[in-house]
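Biologist: Could you take one part of this model and go through it closely, ring by ring and residue by residue, before placing it within the rest of the chain? I would like a careful, connected account rather than a list.

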Amino acid sequence: MDFDENQKLIEKLISGEEKAYMFLLDKYHRQLNAYALTLTHEASMAQDIVQNVFLKTWKSRKKLNPEFSIRSFLYKCVYNEFLNHYQKNKAVVLLRGKYIEYAHEVVEEADDNVIARMIEIVNKEIQKLPPKCQKVFVLSKREGLTNPEIADYLDISIKTVEAQITKAFRILKDKLGGKYEAILMVIFGSCRAKLSIKPQ
């Protein structure tokens, strides 16, 4: 059965058809996980958020509205679930509030596969970075290490770490062009603040 039509998919979900739920998982799991990762920067948390969203969607399926976009509903649920994870730490939410809202708006406005394609392109460019630059950048932006931790791990100065991260952002912006500035911000946070650091 074809579930591509939004209204039919939601109607089948409401009726409890498991094939419709499996279709939902197959179609949106990877996209939602990528989006959650841009918010959390932590793979395990992103996975937990997406899993919770799908479970809650199934449990509350009878409340779904066939007139509303299931895609927008899922993205909004991921966004809200992320905020719930941080509700006990309001300082974090306040500090990152504008960035989080911006990330949500960018994803909401994009087509189904646009974000996934853009992230794939960014990742390919990261692989082309100079070896040292790439290593520092990956440790910082993918592994979540702090600058002092990276400096200690690689036995280099903190200023060198900052310079390499700045260099990575500059190279990525030059290679990808202006239209990717938004996606760089969504994936990695406030690029402009990083780029304001002068290489040593």
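Modeller: I will start with a charge and a ring: Arg-61 lies over the face of Trp-58, at 4.0 Å from the ring centre. The model is a predicted one, and every distance and angle here is a computed value for that model. Trp-58 has a relative accessible area of 21%, and because buried is reserved for values under 20%, this residue counts as partly exposed. Trp-58 also takes part in an aromatic pair with Tyr-21, where the centres of the two rings are 4.9 Å apart and their planes stand at 45° to each other, an arrangement classed as tilted. Since Tyr-21 belongs to helix H2 (residues 18-40) and Trp-58 to helix H3 (residues 43-59), the pair ties together parts that are 37 residues apart in sequence. Tyr-21, for its part, is buried, with a relative accessible area of 14%.

Trp-58 can be placed against one further residue of H2, namely Glu-18, which is found in that helix. Glu-18 and Trp-58 are separated by 40 residues in sequence, yet from C-alpha to C-alpha they are 9.4 Å apart in space. Glu-18 is exposed, its relative accessible area being 59%. A further charge over a ring involves Lys-27, whose charged end sits over the ring of Tyr-28 at 5.6 Å from its centre.

The structure holds 3 aromatic pairs, and the pair of Tyr-21 with Trp-58, with its tilted planes, is one of them. Tyr-21 is buried at 14% relative accessible area, and another pair is formed by Phe-137 and Phe-169, which meet edge-to-face, with 5.3 Å from centre to centre and 85° between the planes. This pair likewise links distant parts of the chain, given that Phe-137 lies in helix H7 (residues 131-141) and Phe-169 in helix H9 (residues 158-176), 32 residues apart. Both Phe-137 and Phe-169 are buried.

From Phe-137 one can follow H7 to its packing against helix H8 (residues 147-154), where the angle is about 135° and the axes are 10 Å apart. Because angles from 115 to 145 degrees fall outside the parallel, perpendicular and antiparallel ranges, H7 is oblique to H8. H7 passes H8 in a right-handed crossing, and the contact is made on the H7 side by Lys-135, Val-136, Leu-139 and Ser-140, and on the H8 side by Asn-147, Ile-150, Tyr-153 and Leu-154.

Beyond H8, in the loop between H8 and H9, is Asp-155. Phi of Asp-155 is near 60°, which is a positive value in a residue other than glycine, and with a relative accessibility of 69% Asp-155 counts as exposed.

To set these parts in the whole, the protein has 11 helices and 0 strands. Of its 200 residues, 39% are buried. Among contacts with a separation of 6 or more, 66% are between residues 24 or more positions apart, and the pairing of Tyr-21 with Trp-58 joins parts 37 residues apart in sequence.

Definitions and conventions
Residues numbered from 1 in each chain as written. Predicted model: local features only at pLDDT ≥ 70, side-chain atom pairs only at ≥ 80, totals over all residues. Heavy atoms only, no water. Phe/Tyr/Trp six-rings, centres within 6.5 Å; stacked < 30°, edge-to-face > 60°. Helix = DSSP H or I, 4+ residues; strand = E, 2+ residues; numbered from the N terminus. Buried < 20%, exposed > 50% of the residue type's maximum accessible area, 1.4 Å probe, protein only. Lys NZ or Arg CZ within 6 Å of the ring centre and 35° of its normal. Axes fitted to C-alpha atoms, helices over the stretch in contact; angles between N-to-C directions. Parallel < 35°, antiparallel > 145°, perpendicular 65-115°, else oblique. Left-handed = near helix turned anticlockwise from the far one by under 90°. Contact = heavy atoms within 4.5 Å.
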